[in-house]
Amino acid sequence: MDLLNFVSANNNIQDTALCGIKVQSADAVSADSINIVIADNTILRPGSHGILVSSLDFPTTTRKNRNVTVTGNTIGDGAEDAINLNSIIGLVCNDNTIDTIVQRGIIGTEISDYTIDDNEICLTAKGGIVMGTLTPFGSVSRNVVVDCAIDGTAGQADGIYVVDCTNMTVDNNDISDANAHMINGIRFDTTGFASCSLRENVV
């Protein structure tokens, strides 16, 4: 579907078979989905992702979702990623609370012009925050990541993992791992980085 000025707010969603909230734009030839707000929802025990914003033809370099805000949500006991975001131009993902997730806290792929700030992520199995391919022009700042590799295998996950990003800042994040299973506090992978900044983080 293609959405204009869509808001999902103040919902209490529990025990879904798949995603708690899913917004999926249509294919590349359709109109863009513009001004999407997902705010102040409580999502517990989703069978898949807690929140998914995607495109029908993902992965593709055609970003179909524009001006997306994901803020103030509480997500717990999820079966996959807490927040999975892709195919987006213009993203604010902040002030979300994430606890006990089978996969990752927040993952972004094929997004640009974004801020991922002030989120609290605790007890994830496969990493805290993952920025996948094609994610230029953004910041990951002031997030708290606690115990991001809880499945019991040492060297399993990273606090913040960045892949092939350009014009990006990772700063003032606080990352800790009481069970000593985290492989890297902050990981930049491959050599495709231009104008990236890593500063004032605590690991």
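Guide: Welcome! A strand is a DSSP run of E with at least two residues, a helix a run of H or I with at least four, both numbered from the N terminus, and two strands pair if DSSP finds at least two bridges between them. This is a predicted model, in which local features need pLDDT of at least 70 and side-chain atom pairs count only at pLDDT 80 or more, while totals for chains, interfaces and linings use all residues. Residues are numbered from 1 along each chain as its sequence is written, and side-chain values use heavy atoms, with hydrogens and water left out.

Visitor: How many strands does the protein chain have?
Guide: Let us begin with the whole chain, which has 203 residues. It contains zero helices, and its strands number 20.

Visitor: In which order do the seven strands of the open sheet stand?
Guide: Strands of a sheet pair through backbone hydrogen bonds, either parallel or antiparallel. In this open sheet of seven strands the pairing is parallel, and the order is 2-5-8-10-12-15-18.

Visitor: Which are the edge strands?
Guide: Look for strands of this sheet that pair on one side only. They are strand 2 (12–14) and strand 18 (174–176).

Visitor: By how many degrees are neighbouring strands of this sheet turned against each other on average?
Guide: Axes are lines fitted to C-alpha atoms (for helices, over the stretch in contact), and angles run from 0 to 180 degrees between N-to-C directions. With direction ignored, the average turn between neighbouring strands here is 5°.

Visitor: Which residue of strand 10 stands opposite Ile75?
Guide: Strand 8 (residues 74–78) and strand 10 (residues 97–101) run parallel and are joined by four bridges. Within strand 10, the residue opposite Ile75 is Ile98.

Visitor: Is Thr74 buried or partly exposed?
Guide: Thr74 belongs to strand 8 and, apart from residues up to four places away in sequence, touches Asn41, Thr42, Ile43 and Thr97 (contact: heavy atoms within 4.5 Å). Buried means under 20% relative accessible area, exposed over 50%, and partly exposed in between, with a 1.4 Å probe and protein chains only. At 34%, Thr74 is therefore partly exposed.

Visitor: What is the relative accessible area of Ser8, which is buried?
Guide: Ser8 lies in strand 1 (residues 4–9). Beyond its neighbours within four places in sequence, Ser8 is in contact with Ile21, Val37, Ile38, Ala39 and Asn41. Ser8 counts as buried because its relative accessible area is 10%.

Visitor: With which side chain does the side chain of Asn94 make a polar contact?
Guide: Asn94 sits in strand 9 (residues 83–94) and is buried, with a relative accessible area of 18%. A polar contact is a pair of N or O atoms within 3.5 Å; within protein, one must be able to donate a hydrogen and the other to accept it, and residues adjacent in sequence count only if both atoms are side-chain atoms. At 2.6 Å, the partner side chain is that of Thr71.

Visitor: Which strand gives the most to the largest nonpolar core?
Guide: A nonpolar core is a set of buried Ala, Val, Leu, Ile, Met, Phe, Trp, Tyr and Cys residues joined through side-chain atoms within 4.5 Å. The largest one has 37 residues, and those with the most contacts inside it are Ile51, Ile83, Met131 and Val140. Giving five residues, the top contributor is strand 9.
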